[in-house]
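Biologist: I would like to go through this model slowly, and I would be glad if you explained each term when it first comes up.

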Amino acid sequence: MSLTEHQDWLNQPPRGSITELVRNTGIAAGKRVVLAVNRMTIHNGPGIRTLILLKGCPLRCLWCSTPESQEAEPEIALYPAKCTGCARCIPACPLKAISLTDGVIGIDRAPCNNCGRCAEVCHPEAVVLLGRPMTVEDLVDLAKKDKVFYKHSGGGVTVSGGEPLLSPEFTVGLLRSLKEEGIPVGVDTCGHVPWRSVESALPFVDFFLWDIKHMSPEKHKKLTGVSNQLILSNARAVSERNIPLYIRFPVIPGYNDSEENIRATCEMARALSSVVEVDLLPLHHLGKARYDSLTRDYPIAGLSLIPDRLMQDMKELVESYGLKCVIGG
């Protein structure tokens, strides 16, 4: 997918808000679709952490490595290599969207409503429903299982996505409940949400992981679908309230890795008094299989990985601004 094709995709009508999702799909109020709960992670804040991934994101980044987190509703993913050819999924689909041709499973995305009935009968997990509605209580119960590890490592829970603050009532309820259990919490956010959504979470947040993808509003919009103005404004407001910020900068060759943009990002980060460190996140291609499972084109297939030497040079440039810098977070 070229940058022009990416722009055409960004111009497609939005799929709807979280509120519309609840109303139109029958997901009960008080629940949000959770993509995954990953226990014992170490790259999403201090110590050993439980990472809660909520579905739904307002950005459409050209380099997104988790496309299954973008839409707020559950989605069907296909893994043809796991298919045994049993064909049980075909009659299970009420909309006849599943097919089996020459032993290869396929899906017609147009009629598919992601009901998940095909996935229910697929024991080899060649057809999988990504995301399931969960309550705050469900998530807190899972997080509590690792309290001993949080205590001894200085860890806790990080709520991520997608964008967790797309549904602030749910997320604030989750953060509050975790804090009541004595569990430290962080929020991994793109920052492109109304300030009131961020502000409502502040009493319950120990730190934010804050993505800064490009300092140019125009280029940011071309690459993600939105301007960076709200993102930067919210980051400044959070820093003014002395909430620790970890700035996360995905390094994408040819798009945001110019010295000019890196320096501009450092100037911004240095002006935020609560910044703990800047995390440089080098490009990887681990998300390609996820695009394949959703039958979507992988937009950055032609980009080369960044040599370690160049990443080290960028790290030294960031550190020259008096900022702590970590490659990979």
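Biologist: Which word fits T224, buried or exposed?

Modeller: This is a predicted model, in which local features need pLDDT of at least 70 and side-chain atom pairs count only at pLDDT 80 or more, while totals for chains, interfaces and linings use all residues. Residues are numbered from 1 along each chain as its sequence is written, and side-chain values use heavy atoms, with hydrogens and water left out. With a 1.4 Å probe and protein chains only, a residue is buried under 20% relative accessible area, exposed over 50%, and partly exposed in between. T224 has a relative accessible area of 1%, so the word is buried.

Biologist: Which backbone oxygen does the side chain of T224 reach?

Modeller: T224 is placed in helix α9, residues 217-224, where helices (H or I, at least four residues) and strands (E, at least two) are DSSP runs numbered from the N terminus. A polar contact is a pair of N or O atoms within 3.5 Å; within protein, one must be able to donate a hydrogen and the other to accept it, and residues adjacent in sequence count only if both atoms are side-chain atoms. At 3.1 Å, the side chain of T224 reaches the backbone oxygen of V226.

Biologist: Which strands are the edge strands of the open sheet?

Modeller: Two strands pair if DSSP finds at least two bridges between them. The open sheet has nine strands with mixed pairing, in the order β7-β1-β2-β8-β9-β10-β11-β12-β13. An edge strand here pairs on one side only, and the two that do so are β7 (132-135) and β13 (325-327).

Biologist: Which residue of β13 is the bridge partner of D279?

Modeller: One can walk towards it from β10 (residues 207-211), which runs parallel to β11 (residues 245-251) and is joined to that strand by four bridges; there D211 has R248 as its partner. Strands β11 and β12 also run parallel and share seven bridges, and in β12 the partner of R248 is D279. Three bridges then join β12 to β13, again in parallel, and the partner of D279 in β13 is V326.

Biologist: What angle does the direction of helix α11 make with that of β11?

Modeller: Axes are lines fitted to C-alpha atoms, for helices over the stretch in contact, and angles run from 0 to 180 degrees between N-to-C directions. Helix α11 (residues 259-270) packs on the sheet and touches β11 and β12 (275-282), where contact means heavy atoms within 4.5 Å. The angle between the directions of α11 and β11 is about 175 degrees.

Biologist: Why is the sulfur of C266 not bonded to that of C325?

Modeller: A disulfide is a covalent bond between the sulfur atoms of two cysteines. The pair counts as one if the sulfur atoms are within 2.5 Å, and the structure holds zero disulfides. C266 counts as buried at 3% relative accessibility, but the reason for the missing bond is distance, because C325 holds the closest cysteine sulfur and that atom is too far away, at 7.6 Å.

Biologist: How far from C64 is the nearest cysteine sulfur?

Modeller: C64 has a relative accessible area of 13% and is therefore buried. C64 is in no disulfide, and the nearest cysteine sulfur, which belongs to C61, is at a distance of 6.3 Å.

Biologist: What is the phi of D102?

Modeller: D102 lies in the loop between β4 (98-101) and β5 (104-107), and with a relative accessible area of 79% D102 is exposed. D102 is not a glycine, yet its phi is positive, at about 55 degrees.

Biologist: Which residues does L100 contact, leaving aside its neighbours within four places in sequence?

Modeller: L100 is placed in strand β4 and is partly exposed, with a relative accessible area of 30%. From R132, L100 is 32 residues away in sequence and 26 Å away in space, C-alpha to C-alpha. Once the neighbours within four places are set aside, the residues in contact with L100 are C83, G85, A87, I90 and I105.
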